[in-house]
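This report walks through one protein model, beginning with a single residue and moving outward to the whole chain. Please keep the sequence and the structure in view while reading.

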Amino acid sequence: MDSQSAVPNLEGQTFMRLQNLITTEQTTDTFHQRATTIPSCTGKRCLGSLMQIPEKIKRENGLKPKELVIKEATEFLQEYYASIRKEGSEAHLKRKADVIEEIQAKGLYDLTEQELTYGARLSWRNASRCIGRIQWSNLHIFDARDAVTATDMYDAIISHLKYGTNNGNLRSAMTIFPPRANDSHDFRVWNIQLVRYAGYEQPDGSVIGDPANVEFTKICESYGWKGKGGMFDVLPLLLQANGEDPELFEIPSDLVLEVPISHPEYEWFEELKLRWYALPAVSCLLLDIGGVEFPACPFNGWYMVTEIGARDFGDENRYNLCKPVAQRMKLDTRTETTLWRDKAIVEINCAVMHSFLKHGVTLVDHHSTSNSFMQHLQNEQKLRGGCPADWVWVVPPISGSATKVFHQEMLNYKIKPSLEYQVDAWKIHRRKTPIKTKEGKFKDIAKMVRLSTELMAKALAKRIKATILYSTETGTSERYGKMLKKLLDLAFDAKIYCLENYDFNNLDYENLVFVVTSTFGNADPPHNGEEFDKHLRHRLHSYHVQNQELVYFTIFLQTDNINCCREDYNALNDYGTRILNVKYSVFALGSRVYGDNFCAFGRFIDASLHKMGAERICPLGEGDELCGQEESFKIWADNALRTACNTFSIDLNSDFKTTNTLLTTVPAWSESNYRLVHKEKKPIKPLIEALSKIHSKKIQSATVISVTSLQSTTSLHYTILVKLDKGNNSSLNYAAGDHLSIFPGNDPEIVDALLTKLTDGQSPDTPIQMEYLNNEKNWTVDNHIPPIFTLREAFSRFVDISTPPTPQFLQYLVNQAKDEKEKSHLEELAKGQDEYEDWKFYENPNILDVIDKFPSLQIQSTLLLSKLPRLKQRYYSISSSMAMFPNEIHITVGVVQYYTKSGKLCRGVCSNWLNSLKEGATIHCFTKAAPSFQMPSNNSIPIIMVGPGTGIAPFRSFWQQRAIEEDNSSNNFGDMVLYFGCRTPVKDDIYREELEDCVNKKVIKEVYKAYSRAPDEPKQYVQDILSQNGNEVLAMLLDDDGHIYVCGDVSMAAGVTRAIQNILIDYGQFSQEDALEMTKNLKKNGRYHEDIFGLTLRTAEVTEKNRRASQR
C-alpha cells in the first residue's frame, strides 16, 4: 500500500466513512469538521498510540490571547444558546456583546452557572479517550468558583467525595474551582486523583505501595506528611489556592470507601490482603470552556473492572500481582506458552468484580461498558454527526477482540469544551515560604483537618443550590413555597421563584427542584403557571407543539403514565428532550371537589419530569383544601428535606428534631419593625396601575353597561347578566369559550367594621405608605401592597379579608391576644390540625369574625396589610361572542349566598360585588384563553352542549358565534344540541327567550331541559335527559364524530360522564370496560371538553360531601 494513502488527510475533508468490521455497517463522520486542532498523524507516521502527542497541549500558566478567548467564547455561546433553542435571540446577542466587552477589559469573563454546567458536561462528552461517556449528561456540577483558600478547596472536595461515594452507589460529579486569571494565581489539586495510595521507595529500589505514586509521595513527605509505610495508605490532599504554596489535608478515613478484595472460588485470595478505593476521581486535568481555563476540576465517574484488575493490580509498574496470583493458582510461570499471565489477570478481574458487587459498590464490566459505548456512538452519530474516539484507549486492556469496540473504526479529534492534560503542578511551582519542620507542619495539618471537618456540613450547605418553584391563584402555594424555603435554608442555598418568572431552560442545569402548585379549574395551570406548562408540553412533544393547538394529556393518576392526545411520544430518549441529573419533588394543592382532576396540574408536572428523566427523590405530596392541607404539606416538607439531605450526603444539625417546630414558629413581625408613614402630598396611583403592579399582570378596564337579573324575583337563587363595554381595547379580545378574570372589591360593610377594630388609630382615608425595617436597619417600602394608599382602599381592593385565616397567620395573632384562654385557643388553631379544619369548615370565618371571636386581640393595621394574602381575581366564562358584540363582554354570574353549618350567612366576594355595580362603573379585568374549550375549527362537526344553571354561560357565546357564522356563510353546519337544567321552569329558566329564538332560526337544533324542583314532577337532571336521548347522543358522538361540551360543577360533570358511559353500554353494546375506555379516549382526543368549577350555588352541600369523603 502506498504510504501516502495509509492515513487520510482530514484537513478540509467534509466527511469520513467509518466501518464496523463485524456488521460491515458504515457511518459517516462530519462532526470532525469542528475539531480545534489538525491531526498530527501523517502519511509517514501515526502517533495514535502515544500517551502524549507532541503538540503544545501541556500549557503552563498565563491567559490565552484576548483574540483567541473572544473566538472560543463566541463559538461556545453559539453552541450553548443553540442547545436551549435561543440561537440568534436578543438574549444571545446581548450576552455575546457583554462577554466580548468583559474580555476586552480583563482578558477573560465569568461563565454563568448554566454555561458552566453545560460546558463541563460537554467536556466529558468530548473526551475521546473515555469509554464511559454515555453518562455525560448525568454529570453533577459543584460550582466552587467562590473558593479563596486551600481550606475552601478542601471543604469542597470533602463535599464532592461524600456526594460521589454515596455509600457505594457512586454518582458522577465534577467540582470546579476558580479559573486561571493570570500568570501566577492558579488553583490546583496536586494529586493525580483525589484518592490514591502512597508508594514508598525502599533503599534497594523496590516499592511498598503503588509505584506510580512514588514521586508524589515524596512531594507530600517534603511538605510534612508522614505515611505509615503500608501497601494501601491513602495519600493526603495537596491543595494550592490562588498560586500560593500548597497545603496538606488528610482525608477523613470514613470518607474513603475501600473494598477488600476476595475471590468467589479461591479462599486464599483474601490472604493477599488486597483492597481498592471505590471512587476514581481524576484531579490533574484542566477544563477548557469557551476560552476560560479551570486548572482545578476534579471529577469522577466509576470504575470499569479492568482499570483495577488489569492495570492497577496487573501492570508491572503498578502492584504487579500477575505472578504472585499465578503461583497461588499453581500455574507454570516458567514459560509464556502456558498463558499463565492471561489466566491470572482474568482471575484478578473476577476477584475485583466479585468484591465490588459483594459490598454493593458500583463497578461495571468491560463487556457491558463496550456495549454501552457502541450505543453512545449511535446516539452521537444521530445527534452530532460523529463522535471523537481514541481506539487505543477505548478498547479494554483485556479481552480486546471479544468486545464490540475492538471491531469498530473510530476517528480521533479534539472538540471543545475539553479536558486537557497539564504540567504537574509541583514541576512548575516556585515555593514562596520556607518549609516548616515536619513536626510543626503536621500539627498545623491536624488542626486544619479538625477545623475543616467541623465546617464540612456548613460548607456543603452553601454549595448545594435548591430551587423552589410555585404557581398559585390564591397565594397558598406561594405561602407554602416560602415555608419550604425557610426549611431548606437549614441545609441548602434555597431560592424561590414564581413559575412565570422562571426561565424554563434553566431546568436542565438545576441540582434540586421543588415544585409547589395548585390547579386552576378543570386540570388547568394557574395563570402564572401557563408559560411553564406550555414549555413542558412543548418539551414532551419533542418540539412539535409549536404553532399548533395545545395538546392536553390524560394522566392516569395511579401510575406515571402520560398519554398524548394528538400523537404518541416516542423520542424521550433524545438528549434534546430529556431533563437529566435533576432531583425533584412536587407538592400539589387542590380540592377533592374536582374528583379525578384533584391536583391535576401538580400531578402532571410530577409525572412529566419523571418521564423525561429527572429523579423523583420523594413521592408526590397532595393537599386537599377541604381537609388537612396544612398538615399534609408539613409531612411532605419534612420528608422532602430529609430525603434531599440524604441524596446530597448532608448531615442535618444534630439539634434538629422536626420540621413542625420550624414551620410553626411565628415569623418576624412586630409593631416596632413595621410602620405607616403619612404621604398626604404624594398622589395615589390609579387603581388599575396599583393592581397591575402588585399582581405583575397588565390589567385592563371595562365599563359596566348593565347588570340584569335573569331569574324571577321569587326564585331562591339569583343569577345576573353583566354586560361590559370594552371599547376598542384589543387586549380584551377573546374567543367563544374563553374566561374573564375580574378583580373584585370586598364587602364595604365588612371593610367599615374592620377599620373600627384596628388599634393604631390611623385615619382610613389619609394617603399613607407602609415600610418595614430591613436587615441593614433601614426603612424600606413594603411591596406587598402599592406604595401609596389609604387604609380603606387597601382593605377594599388589595387585601383578602374574607378567606378564613391560615394557621400561619393565626400564629401572628397568638401574641396579639391579651387573654390567656384566647391565646391558648389560638395556639391550638394555629397548629393547623383537626380543630382548625373543623372550625374553618363549620364557621368559614373571615378576619372580622376572628377578631369578634377573640375580643382581647389588639390588631395593628400593618399586621393585616403585610401578612394577609392579596385579594385575588375571580374567573367567569364569557357569555358573548365578539362576532355579535365586537366591543362588549358579557358574563353570567350566579350570586353566591349560603349558610354555614354554624348558621352564618356567607356571600361570595366577587358575585355580590358585581351585583352591586351600577351603569358606568369600572371593572378591572383581563381575558384568559381556554384552548381546551373552543368550538371545533370544522363547522360541520355536531356539538352537544351540557350546562345546568350558570353552566350555560359559555354556550351563549357558542350560539351567538354560530348565529353570525350561519348568517355570513352558505356552508353546511353541524347540529348544535343543548342540554340545560335548572330548578323550576317558571323561576329559573334563564335565557329562555334567546334559546327559543335560536331554535326558531335553526341555530340550535334542539334544547332539552331538566327541572330538579318542578311542582308535581319527579326530579330530573341533565344526565337523566341525556340518557333518555341515548340514540341521538350515540349517533352524534360515534357516527358523526361530534364533540361534547360540559360546563358546571364537579358532581354534575361526573354524572354526565357516567351517563355517556351508560349510553355506550345500553345503546352501543359496549362492555363496561370498553365504555370506560371510550370516554377516556374522547377526552384524550379532544372531543370531550369540560369547563368545571368548584364554587356553585350548592357549595355547602358539595363541600360537606367531599370533605366527609376526604376524611375517610
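## A proline and its contacts

Leaving aside neighbours within four places in sequence, Pro985 is in contact with Arg992, Tyr1011 and Ala1014 in this predicted model. Pro985 lies in the loop between strand E37 (976-982) and helix H29 (992-1000), and the C-alpha atoms of Pro985 and Ala1014 are separated by 6.8 Å although these residues are 29 residues apart along the chain. Is Pro985 buried or partly exposed? With a relative accessible area of 25%, Pro985 counts as partly exposed, because the term buried is kept for residues under 20%.

## The whole protein

The protein has 1112 residues, of which 54% count as buried, and its chain forms 34 helices and 40 strands. Among the contacts with a separation of 6 or more, 75% join residues that are 24 or more positions apart, a kind of pairing that the contact of Pro985 with Ala1014 illustrates. The protein exposes about 48700 Å², and carbon and sulfur atoms supply 48% of that area.

## Two helices

Two of the helices can be set side by side, with the span of each given from its first C-alpha to its last.

| Helix | Residues | Span | Expected span |
|---|---|---|---|
| H2 (66-83) | 18 residues | 25 Å | 26 Å |
| H4 (113-125) | 13 residues | 18 Å | 18 Å |

In helix H2, the buried residues are Val69, Ile70, Glu72, Ala73, Thr74, Phe76, Leu77, Glu79, Tyr80 and Tyr81. What covers these residues of H2? The cover includes helix H3 (90-106), helix H4 (113-125) and strand E13 (286-289). Just after H2, Arg85 takes a positive phi of about 60°.

Helix H4, which is part of that cover, is itself mostly covered, since 12 of its 13 residues are buried. The buried residues of H4 include nonpolar ones such as Leu116, Leu122 and Trp124, and also Gln114, Glu115, Arg121 and Arg125.

## Cysteines

Cys130 is found in the loop between H4 and strand E3 (140-143), and UniProt, in an unreviewed entry, places the feature "binding site" at this residue; such an annotation may be inferred rather than shown by experiment. When residues up to four places away in sequence are not counted, Cys130 touches Trp124 and Phe373, and Trp124 is one of the buried residues of H4. With a relative accessible area of 23%, Cys130 is partly exposed, and Cys350 also counts as partly exposed, at 34%. How many disulfides does a search of the whole structure find? The search finds 0 disulfides.

## Nonpolar cores

In soluble globular proteins, nonpolar side chains tend to be buried together. The largest nonpolar core here has 58 residues, and Met153, Phe177, Leu239, Trp276 and Phe313 touch the most other members. The elements that give two or more residues to this core are helix H5 (150-165), strand E8 (237-240), strand E11 (275-277), helix H7 (305-312), helix H8 (322-328) and helix H9 (340-358). Which helix gives the most to this core? Helix H9 does, with 8 residues. A second, separate core of 49 residues includes Trp669, Leu791, Val814 and Leu868.

Methods
Residues numbered from 1 in each chain as written. Predicted model: local features only at pLDDT ≥ 70, side-chain atom pairs only at ≥ 80, totals over all residues. Heavy atoms only, no water. Disulfide = S-S within 2.5 Å. Buried < 20%, exposed > 50% of the residue type's maximum accessible area, 1.4 Å probe, protein only. Helix = DSSP H or I, 4+ residues; strand = E, 2+ residues; numbered from the N terminus. Expected span 1.5 Å × (residues − 1). Contact = heavy atoms within 4.5 Å. Areas by Shrake-Rupley, 256 points an atom, 1.4 Å probe, with all protein chains shown as cover. Core = buried A, V, L, I, M, F, W, Y, C linked by side-chain atoms within 4.5 Å.
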